[in-house]
Amino acid sequence: MDPNLPYLTLLILIGCTECFPDGRQQNGTRCYDYCVLGAGPSGLQMGYFLSRAKRDYVIIERNSGPGSFFNKYPRHRKLISINKIYTGSQNREFNMRHDWNSLLSDRPDLLLKRVSRDFFPPADAFPVYLSMFEKELGLRVRYGVDIGRIGAVRSPEGRRYILTDQHELDYKCSVLLVASGLWVPQRAEFVGSDLVEGYESISTDPEDYKNQAVLILGKGNSAFETAQSISGRAKLVHMLSSNPVRLAWQTHYVGDLRAVNNDLLDTYQLKSLDGLAEIPLDKIAITQLKEQGRSRSGAKKKVKKPKFYVTLKKYLRHQEEKNGSDATGEETLEYHLDNFSMRKPYDRVISCLGFRFNFSIFESSARPLNSDNAKGRLPRLTAWYEGADTPGLFVLGTAAHSRDYRSSAGGFVHGFRYTVRSVHRVLEQRYHGNPWQSTELSTTQLQSWILKRINEASGPYQMFEVLGDVILLRGSRCEYVEEFTLQALPRFSSLSGHEVSDHGLIVLVMQYGKKKVDYLGRGRADTEWTTAWKSNFLHPVLYYYDKLPTGE
């Protein structure tokens with residue numbers, strides 16, 4: 001008998017019994033059809049759709065409860081997503097246009113207003129709401145599982161993803177749904193960046209900034225939220241970034257500066273001590289000058305708390321040797337530009353530059369590519385939110401914002417709850433043969449149906465220019481497909497399971513006007529129906545195609 005035969009037989013048996021479906025474990029591996037990474041809002045939202053469809057799934061969360069990001073952020077504990085309880089309407093779909101926090105479900109009572117009735121809710125309310133959502137819907141979440149490595153392998157059944165946790169236990173799935181959000185602080189690298197405090201670790205007690213000069217890097221909501229918190233105690237607050245401030249009410253992008261955080265603009269423009277400036281951050285340097293020596297009596301001088309100076313990298317004499325703490329007076333901006341507004345030193349410099357996707361846990365076989373936009377801090381995705389080079393790996397929630405970065409609301413709960421539903425519909429068609437949900441209508445019903453959607457539907461309203469309704473014309477009948485991802489329109493038939501006839505199709509989408517106007521002036525909107533299509537405010541647009549457009 002071949003002495004190696006028992007070992008060979010054992011290996012074959014292990015290979016045949018590695019794992020079972022429905023999460024049953026064998027040899028340290030749990031297998032599922034779907035693994036959802038992260039129990040934040042997008043992960044729980046997908047969990048709801050998978051649970052309702054009775055799919056084999058698990059939600060994996062490294063912390064002890066859902067939405068752990070919101071246990072710490074925003075640091076000053078007020079959400080800027082509106083919670084408008086009173087709309088004058090009992091229509092659930094319409095009311096979701098003005099509820100930016102609640103997730104989608106078939107439970108009309110499962111809304112954030114059960115936890116908080118504030119228009120801008122406290123951040124602590126959101127994890128409480130998510131926990132309520134998870135428990136009342138019976139979602140399958142495994143807490144305390146910290147995935148440190150994700151790889152992909154080929155098998156006879158196709159591509160599989162393997163997630164390895166802190167105990168070296170494996171979770172294997174056919175489809176990986178990454179809902180881990182953005183939580184790695186975004187850094188700017190420059191000379192002296194090691195002297196900068198991070199938004200994630202600063203004190204939130206305004207008294208700690210009493211009579212201090214503070215420089216904040218960044219002009220987004222986290223930067224202004226911080227500035228607003230400390231401005232009543234700080235001597236002055238200056239804000240520095242590469243670009244001017246962008247106001248959300250001008251850009252229609254909710255990720256830009258919101259009015260609830262912009263008090264510092266008043267103190268800046270109404271000539272108090274605060275200020276804003278623009279310099280590319282890779283051109284600056286943060287230096288400190290320590291005053292230490294001996295007095296005339298020979299006693300050692302008291303070491304003063306170091307001050308931080310902003311200068312330009314080009315003024316440093318030996319840039320390659322600088323560590324940010326040994327600059328001379330001749331290397332400061334005050335020496336070169338005596339009228340520069342930031343020539344005086346600061347007591348603290350704080351970085352508030354947002355967050356990036358955690359690429360570090362992915363092996364090369366499973367790592368999504370970096371996006372071309374958002375400074376590469378997001379994954380690059382197809383129009384249906386699948387990794388551009390990782391088939392079977394989809395990205396949900398805030399991390400999927402590369403598809404509509406700075407152009408719609410896909411990076412926020414009130415937007416991505418609908419894109420998550422779109423991804424689930426793609427999964428149902430691709431893996432289970434269930435076409436995208438649609439309604440068959442006669443053409444005589446179409447006008448009233450379109451008007452109803454324009455006046456009530458929340459998905460196209462929140463995800464303007466990204467999600468739209470597709471109307472498939474079939475002579476005297478038509479098929480109404482709701483909330484399709486319009487960037488994927490050339491792939492409509494394969495993604496939705498619906499064919500386009502020779503009669504063509506109509507696309508209904510909500511759009512803002514493209515003309516630059518006075519956003520609060522008289523010409524900001526058109527009230528005459530014959531010119532309504534020129535309106536700069538959000539309005540419906542109908543497009544007719546005789547056939548599906550091409551990718552170009």
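User: Why is Cys-478 called buried in this predicted model?

Analyst: Cys-478 has a relative accessibility of 1%. The term applies under 20% relative accessible area, so Cys-478 counts as buried.

User: What makes Cys-352 buried or exposed?

Analyst: The value for Cys-352 is 3% relative accessibility. Buried means under 20% and exposed means over 50%; Cys-352 therefore counts as buried.

User: How many disulfides does the model contain, and how do you know?

Analyst: The count comes to zero. A disulfide would require a pair of cysteine sulfur atoms within 2.5 Å.

User: Why is Gly-198 described as buried, and in which strand is it found?

Analyst: Gly-198 has a relative accessible area of 4%. Since the limit is under 20%, Gly-198 is classed as buried. Gly-198 is found in strand β9, residues 197–198.

User: Which residues does Gly-198 touch, beyond those up to four places away in sequence?

Analyst: Gly-198 touches Arg-187 and Ser-351. Contact here means heavy atoms within 4.5 Å.

User: What makes β9 and β15 a pair?

Analyst: Pairing calls for at least two bridges between the strands. Strands β9 and β15 (residues 348–351) are joined over two bridges in the parallel sense, so the criterion is met. Within this pair, Glu-197 has Ile-350 in β15 as its bridge partner.

User: Which strands make up the open sheet, and why are β9 and β12 called edge strands?

Analyst: The sheet has five strands in the order β9-β15-β10-β11-β12, with parallel pairing. Strands β9 and β12 (275–278) each pair on one side only, and are the edge strands. Helix α5 (residues 221–230) packs on this sheet, touching β10 (213–217), β11 (236–241) and β12. The direction of α5 makes about 170° with that of β11.

User: Why is Thr-311 called buried, and where does Thr-311 lie?

Analyst: Thr-311 has a relative accessible area of 0%. Because buried means under 20%, Thr-311 is assigned to that class. Thr-311 lies in strand β14, residues 307–312. Setting aside residues up to four places away in sequence, Thr-311 touches several residues, including Lys-283, Ile-284, Glu-331 and Leu-333.

User: What makes β14 mostly covered?

Analyst: Five of the six residues of β14 are buried.

User: How do you know that β13 pairs with β14?

Analyst: Six bridges join strand β13 (residues 284–289) to β14, and the two run antiparallel. The requirement is at least two bridges, so these strands count as paired. Gln-288 stands opposite Phe-308 in β14.

Terms used
Residues numbered from 1 in each chain as written. Predicted model: local features only at pLDDT ≥ 70, side-chain atom pairs only at ≥ 80, totals over all residues. Heavy atoms only, no water. Buried < 20%, exposed > 50% of the residue type's maximum accessible area, 1.4 Å probe, protein only. Helix = DSSP H or I, 4+ residues; strand = E, 2+ residues; numbered from the N terminus. Axes fitted to C-alpha atoms, helices over the stretch in contact; angles between N-to-C directions.
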